[in-house]
Amino acid sequence: MKKNKTTNRDVILSIATSLFLTKGYHTTSMDEIVAVSNVSKTNIYYYFKSKEELLSAILDQLIRTYNELIFEVVSRKDQSVQERLETLLLLLTQQETDYLGGCPFVTLYTQMPQDIPLFREKVSRFFQDQITTMEALLNEGMESLEIRAELPARSTAEFIVSAIEGALFLQHAGQDPGILVNLKMTLAFLLK
């Protein structure tokens, strides 16, 4: 039986992700990643030719992880739409409190190099996919009469995703977990 061994690439991604999200992309040097990860600089550059390539891999990994989690929740057809929305909201709001921007995507997005549009496109696509998934779930809830049918699904989905991201940032900035609690209650009220 083959064991899943943690590779140097995995260690580098893990350490760099943590440093970029808690200290910032611009303030984290490759030398610091070497020091914290205990992986040689040569080995790091074997896997990632530049800091930008490392950031791209981190984005891909975060997007893949979140998309898998979101898909798993939305696919639970044995649960009501309301239950899946609550689980999705919980999933999307359970963030590390020491991320600089509250949300990993907002944190990385605000620090990305301006001259590499691919990074911004990846984050934009992630949020657009999240909105589309939320819209489909809302439509399903409207069809099953769990959610108010007069709500415009697309703009409501955009509102929910925006509210989640804003609440994560405000919670982080003000160190007030009550913001997310209030968001959950308000969204439940608006959708019924």
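This passage walks through the aromatic contacts, an annotated domain and one glycine of the structure above. The model is a predicted one, and everything below should be read with that in mind.

A good place to start is the annotated stretch. The UniProt record, an unreviewed entry, assigns "domain: HTH tetR-type" to residues 6–66. Across that stretch the chain is 75% helix and 0% strand. From end to end, the C-alpha atoms of residues 6–66 lie 21 Å apart.

Next come the aromatic rings. The count comes to 8 aromatic pairs. One of them joins Tyr47 and Phe48, with ring centres 6.4 Å apart. The planes of Tyr47 and Phe48 meet at 45°, so this pair is classed as tilted, given that stacked pairs need planes under 30 degrees apart and edge-to-face pairs over 60. As for surroundings, Tyr47 is partly exposed, at a relative accessible area of 28%, whereas Phe48 is buried, at 2%.

Phe105 and Phe126 make another pair. Here the ring centres sit 4.1 Å apart and the planes differ by 20°, so the pair counts as stacked. Phe105 belongs to helix α6 (residues 104–109) and Phe126 to helix α7 (residues 117–143), so the pair ties together parts 21 residues apart in sequence. Both rings belong to buried residues: the relative accessible area is 1% for Phe105 and 2% for Phe126, and buried here means under 20%. The story goes beyond these two rings, as ring pairs link Tyr66, Phe105, Phe126 and Phe127 into a cluster. Tyr66 is also where the annotated stretch, residues 6–66, comes to its end.

Some rings have a charged side chain for company. Lys51 lies over the face of Tyr25, at 4.5 Å from the ring centre. Arg120 does likewise with Tyr109, again at 4.5 Å from the ring centre. On the helix side of things, residue 109 closes helix α6, and residue 120 falls within the span of helix α7.

Last comes a glycine further along the chain. Gly178 is found in helix α9, which covers residues 178–191. Is Gly178 buried or exposed? Neither label quite fits: Gly178 is partly exposed, because its relative accessible area of 25% falls between the 20% and 50% cut-offs. Gly178 can also be placed relative to Ala167, which is 11 residues away along the chain. The C-alpha atoms of Gly178 and Ala167 are separated by 9.6 Å.

Notes:
Residues are numbered from 1 along each chain as its sequence is written. This is a predicted model: local features need pLDDT of at least 70, side-chain atom pairs count only at pLDDT 80 or more; totals for chains, interfaces and linings use all residues. Side-chain values use heavy atoms; hydrogens and water are left out. Helices (H or I, at least four residues) and strands (E, at least two) are DSSP runs, numbered from the N terminus. Buried means under 20% relative accessible area, exposed over 50%, partly exposed in between (1.4 Å probe, protein chains only). Rings of Phe, Tyr and Trp (its six-membered ring) pair if their centres lie within 6.5 Å; planes under 30 degrees apart count as stacked, over 60 as edge-to-face and the rest as tilted. A charge sits over a ring if NZ of Lys or CZ of Arg is within 6 Å of the ring centre and within 35 degrees of the ring normal. UniProt positions are given in the numbering used here, feature names are shortened, and annotations may be inferred rather than shown by experiment.
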